[in-house]
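Please report on the fold, the helix packing and the side-chain pairs of this protein chain. Keep the geometry explicit.

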Amino acid sequence: MRRLLSLVLMPTGRCTRLLIGIAVGADYPVATSLLAEFAPRRYRGPLLGGLVVMWFVGAAVAYTIDEALLAIGDDGWRWMLASAAVPATVIILLRLATPESPRWLAKKGRTEEAA
């Protein structure tokens, strides 16, 4: 029974892994653009450099956590994929409060709000 369940869930796990990869890959240019648009000019360089460092730190922490989760047994890969939902949920909730950028507002003809 467990083998059958594993065969049924394997394509779902691969699709989930693909979607996580696409989301992470898409978030990098989006986060960089948001930071470049909203940060004051004199802080942009250090903040963008810090963002790159935080991406690498996050990848290292994720790798460490994933290795620990894989050590728990056969279901470790499920926990590994599920653990990505925590930071993803936090990022989505924080992004909901992000205002439109001044460039986007100006492009849509809402110049008063863009100023």
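Among contacts in the protein chain between residues at least 6 apart in sequence, what percentage join residues at least 24 apart? The share is 53%. The model is predicted, and every value below is computed from it.

## Overall architecture

The protein chain has six helices and zero strands. Along the sequence the pattern reads α-α-α-α-α-α. The chain holds 115 residues, and 11% of them are buried.

## Packing of α3 and α4

Two packed helices are described by the angle between their axes and the distance between the axes. Helix α3 covers residues 76-83 and helix α4 covers residues 85-96. Their axes lie 5 Å apart, at an angle of about 10°. Angles under 35 degrees count as roughly parallel, and α3 and α4 are therefore roughly parallel to each other. On the α3 side, the contact is made by Leu81, Ala82 and Ser83. On the α4 side, Ala85, Val86 and Pro87 make the contact. The residues of this contact divide into five nonpolar, one polar and no charged.

## Salt bridges

How many salt bridges does the count come to? The count comes to four. Among them are the pairs in this table.

| Pair | Closest N to O distance |
|---|---|
| Asp27 and Arg95 | 2.7 Å |
| Arg78 and Asp75 | 2.6 Å |
| Glu113 and Arg110 | 3.0 Å |

The pair of Asp27 and Arg95 links distant parts of the chain. Asp27 sits in helix α1 (residues 2-38), Arg95 in helix α4, and 68 residues separate them. Is Asp27 buried or exposed? Asp27 is buried, at a relative accessible area of 15%. Its partner Arg95 is partly exposed, at 29% relative accessibility.

Next, the pair of Arg78 and Asp75. Arg78 has a relative accessible area of 27% and is partly exposed. Asp75 has 32% relative accessibility and also counts as partly exposed.

In the pair of Glu113 and Arg110, the side chains meet at 3.0 Å, N to O. Arg110 is partly exposed, with a relative accessible area of 32%.

## The aromatic pair

A pair of aromatic rings is described by the distance of the centres and the angle of the planes. The count of aromatic pairs comes to one. Tyr28 and Trp55 form the pair: their ring centres are 5.3 Å apart. Why is the pair of Tyr28 and Trp55 called edge-to-face? Planes over 60 degrees apart count as edge-to-face, and the planes of Tyr28 and Trp55 stand at 75°, so the pair falls in that class. Tyr28 belongs to helix α1 and Trp55 to helix α2, so the pair ties together parts that are 27 residues apart in sequence. Tyr28 is partly exposed, at 34% relative accessibility. Trp55 is partly exposed too, with a relative accessible area of 27%.

## Individual residues and their contacts

Asp66 is placed in helix α2 (residues 41-70). Its relative accessibility is 18%. Buried means under 20% relative accessible area, so Asp66 counts as buried. Which residues does Asp66 contact, leaving aside its neighbours within four places in sequence? Asp66 is in contact with Met80 and Ser83. Ser83 also takes part in the contact of α3 with α4.

Ser101 lies in the loop between α4 and α5 (102-107). Ser101 is buried, with a relative accessible area of 14%. Not counting residues up to four places away in sequence, Ser101 touches Glu37 and Phe38.

Val24 is in helix α1. With a relative accessible area of 43%, Val24 is partly exposed. How far apart in space are Val24 and Ala88, C-alpha to C-alpha? The distance is 9.0 Å, across 64 residues of sequence.

## Links to helix α1

Several of the pairs above involve helix α1. Asp27 of α1 joins Arg95 of α4 through a salt bridge. Tyr28 of α1 pairs its ring with Trp55 of α2. Val24, another residue of α1, lies 9.0 Å from Ala88 by C-alpha distance.

How values were computed
Residues numbered from 1 in each chain as written. Predicted model: local features only at pLDDT ≥ 70, side-chain atom pairs only at ≥ 80, totals over all residues. Heavy atoms only, no water. Axes fitted to C-alpha atoms, helices over the stretch in contact; angles between N-to-C directions. Helix = DSSP H or I, 4+ residues; strand = E, 2+ residues; numbered from the N terminus. Parallel < 35°, antiparallel > 145°, perpendicular 65-115°, else oblique. Contact = heavy atoms within 4.5 Å. Nonpolar A, V, L, I, M, F, W, Y, C, P; charged D, E, K, R; others polar. Buried < 20%, exposed > 50% of the residue type's maximum accessible area, 1.4 Å probe, protein only. Phe/Tyr/Trp six-rings, centres within 6.5 Å; stacked < 30°, edge-to-face > 60°.
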